[in-house]
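Grab a pencil and have a look at the model below. Try each exercise yourself before you read its solution.

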Amino acid sequence: MEQALWADRGQLLQLDAQDHSAQASCVGVSRLGSAQLSGTHFSIWVQLRGSSWVEAKEGKFRLKRGDWIAFERDSKPVLQADRYGVCIGLNLTPDAIKAMARLADSTLYAGRGRMSRHDARIALRLWRQAHARNGEADTGFDLNALRPILLHLAGVQRELTARIQRCPGRSRSRKRQVFGRLQRARLYLEGNCDRVVRISELAELTSFSSWYFSKTFHSLYEESPQAASARMRLEHAADLLKNTSMMIGEVAAASGFDNCCSFARAFRARFGTSATRYRSAAAAAKAEAARAAVVSAMPLRKLAMAS
């Protein structure tokens, strides 16, 4: 019988490629639990509640409720749930990915995105079903049990995979290969929002020349790698302004800017306002949302008395 691969309340789950437990499997972490993956397994994670921190070869990421993230086989991600976090995942062997491509003409790619509450609930239900079916199995992990959730997650990635046709290559398999490499490079940019990433790093990661990588990246995502990096770093800075008490200079440094002046110019050009005013507006909006939530939760009698 297969036991649940779940880390809860500070537990550490280590999955080694040489262990039987590292076969294609359902994995979960919650409430300060953590999971460490190694070997040659593709993994995809869905944040159901709270938040989690992930560190992998592609960089560092924070997952919030509704976020999903997928890593290539040699990424070796380490995932840590926060006090209230619940995150479910799939740890997939190369054979599982190949079988999925054969059975459904579909596959999963490295990347990051969001899903609706409805899609997250479906993912949880299918994840539970997959684990339950394999918990009853006496011989290894039944790949057919994973098929429903794999197809669901592939559907969640449909907006990304619609771009595959833009990739160079005569065959669909070649286009998919190029797309997979570029998706990993894009994820690398997101995971390194605290610094300026060089084109040579991305070219090495994808095994392309710098010229070919830049040209293909721009064709696929309709922006250059440099522009994508700048946009992601400014969006990271905006998130820090909204959700932390860091000083403006600290936010600038944490977003890969050499000085406050260059950060101020870039931030204003991107958001149309200064970082200080952006933070004030975000705080006001958050306070208003909290007040509205309290008012809507008040019983009608108390609400009448308050008015």
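Here are three exercises on this predicted model, each with a worked solution.

**Exercise 1. Find out how much space lies in the largest pocket, and which residues and elements line it.**

Solution.
- Step 1: start with the volume. About 940 Å³ of space lies in the largest pocket.
- Step 2: go to the lining, which is made of 27 residues. Those that lie nearest the centre are R62, R112, E190, H236 and D239.
- Step 3: look for elements that give two or more residues to this lining. You should end up with strand 7 (59-64), strand 11 (111-114), helix 5 (172-191) and helix 8 (225-243).
- Step 4: pick out the top contributor. Helix 8 has the largest share, with nine residues.
- Step 5: sort the lining by class. There are 13 charged residues, eight nonpolar ones and six polar ones.

**Exercise 2. Do the same for the second largest pocket, then work out which domains its lining draws on.**

Solution.
- Step 1: the second largest pocket holds about 630 Å³ of space.
- Step 2: its lining has 20 residues, and E72, R73, I97, T107 and L108 lie nearest the centre.
- Step 3: check the helices. Helix 1 (94-104), helix 5 and helix 6 (199-206) supply at least two lining residues each. Helix 5 gives the most, with six residues.
- Step 4: sort by class again, and you get seven nonpolar, six polar and seven charged residues.
- Step 5: now bring in the domains. Domain 1 (6-165) and domain 2 (167-222) each provide at least three residues of this lining.

Notice that helix 5 turns up in both solutions: it gives residues to the lining of the largest pocket and to that of the second largest pocket.

**Exercise 3. Put the strands of the five-stranded open sheet in order, and say which ones stand at the edges.**

Solution.
- Step 1: a reminder first. Strands of a sheet pair through backbone hydrogen bonds, either parallel or antiparallel.
- Step 2: read across this open sheet and the order is 2-4-9-6-7, with mixed pairing.
- Step 3: the edges belong to strand 2 (12-15) and strand 7. Each has a single partner strand, so one side of each has no neighbour in the sheet.
- Step 4: check the twist, which averages 15° from one strand to the next.
- Step 5: zoom in on one pair. Strand 6 (residues 51-56) and strand 7 run antiparallel, joined by six bridges. Within this pair, A56 stands opposite G59 of strand 7.

Conventions: Residues are numbered from 1 along each chain as its sequence is written. This is a predicted model: local features need pLDDT of at least 70, side-chain atom pairs count only at pLDDT 80 or more; totals for chains, interfaces and linings use all residues. Side-chain values use heavy atoms; hydrogens and water are left out. On a 1 Å grid over the protein atoms alone, a cavity is a set of points where a 1.4 Å probe fits but cannot get out, and a pocket is an open set with protein on both sides within 12 Å along at least five of seven lines; lining residues have an atom within 4 Å of a point. Grid points are joined across faces, edges and corners, and a volume is the space filled by probe spheres set on the points. Helices (H or I, at least four residues) and strands (E, at least two) are DSSP runs, numbered from the N terminus. Ala, Val, Leu, Ile, Met, Phe, Trp, Tyr, Cys and Pro count as nonpolar, Asp, Glu, Lys and Arg as charged, and the others, Gly among them, as polar. Domain bounds come from an automatic or database domain assignment. Two strands pair if DSSP finds at least two bridges between them. Axes are lines fitted to C-alpha atoms, for helices over the stretch in contact, and angles run from 0 to 180 degrees between N-to-C directions.
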